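Biologist: Could you take me on a close look at the largest pocket? I would like to know which residues line it and what surrounds it.

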Amino acid sequence: MIRLFLAAGLALGLTGPAAAQESAIEGVIASQIEAFQRDDFTTAFTFASPLIRGIFGTPERFGMMVRQGYPMVWRPADVQYLDQRQAGPFTYQKVLIRDQAGGLHTLEYEMIETEAGWQINGVQFLEDPPVAA
């Protein structure tokens, strides 16, 4: 009986930090999307990594890129967080976004942990599997 409790305690302890990381990453993505929905590109820009901020330079240029290249992120109808994977210093968070017209888009957020916490280091579209007829 004691072994069962010990095993359960160890399992919870091992999943605790992973669950906290998952929650923190989802929170960063959600906060950036909320800022986009308010057209608050200055706040949205703060969730981008130093690399991304360096590429775009200003919140205005960053906002223009999001509006033109990622309109479903700028104005999503629904956001669902899928699986997460680790690769080197990055954690990749898969996100399913339904756009305002009902279209589904699978994106993968590249996240990096910095001194400021988790930040978005890039986003790429993933190809959705074909729908079986």
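Modeller: Happily; here is a walk through the pocket, and then through the core. Keep in mind that this is a predicted model. The largest pocket holds about 220 Å³ of space. To picture how such a space is found, imagine rolling a probe the size of a water molecule over the atoms, which shows where empty space is left.

Around the largest pocket you can find 15 lining residues, and nearest its centre lie Phe62, Met65, Tyr70, Gly122 and Val123. H1, H3, H4 and S4 each give two or more residues to this lining, and the largest share, four residues, comes from S4. What is the chemical character of the lining? Of its residues, 12 are nonpolar, three are polar and none is charged.

Now look at the largest nonpolar core, which has 25 residues. Phe62, which you have just met in the pocket lining, is among the residues with the most contacts inside this core, together with Ile29, Val73, Tyr109 and Met111. Many elements take part: those giving two or more residues include helix H1 (2-37), helix H4 (59-69), strand S3 (104-114) and strand S4 (117-126). H1 gives the most, with six residues.

Tyr109 is a nice place to pause. Leaving aside residues up to four places away in sequence, Tyr109 touches Ile29 and Val73, among others. Its contacts also include Gly122 and Val123, two of the residues that lie nearest the centre of the largest pocket. So if you select Tyr109 in the viewer, you can follow its contacts to Gly122 and Val123.

Methods:
Residues are numbered from 1 along each chain as its sequence is written. This is a predicted model: local features need pLDDT of at least 70, side-chain atom pairs count only at pLDDT 80 or more; totals for chains, interfaces and linings use all residues. Side-chain values use heavy atoms; hydrogens and water are left out. A nonpolar core is a set of buried Ala, Val, Leu, Ile, Met, Phe, Trp, Tyr and Cys residues joined through side-chain atoms within 4.5 Å. Buried means under 20% relative accessible area, exposed over 50%, partly exposed in between (1.4 Å probe, protein chains only). Contact means heavy atoms within 4.5 Å. On a 1 Å grid over the protein atoms alone, a cavity is a set of points where a 1.4 Å probe fits but cannot get out, and a pocket is an open set with protein on both sides within 12 Å along at least five of seven lines; lining residues have an atom within 4 Å of a point. Grid points are joined across faces, edges and corners, and a volume is the space filled by probe spheres set on the points. Ala, Val, Leu, Ile, Met, Phe, Trp, Tyr, Cys and Pro count as nonpolar, Asp, Glu, Lys and Arg as charged, and the others, Gly among them, as polar.
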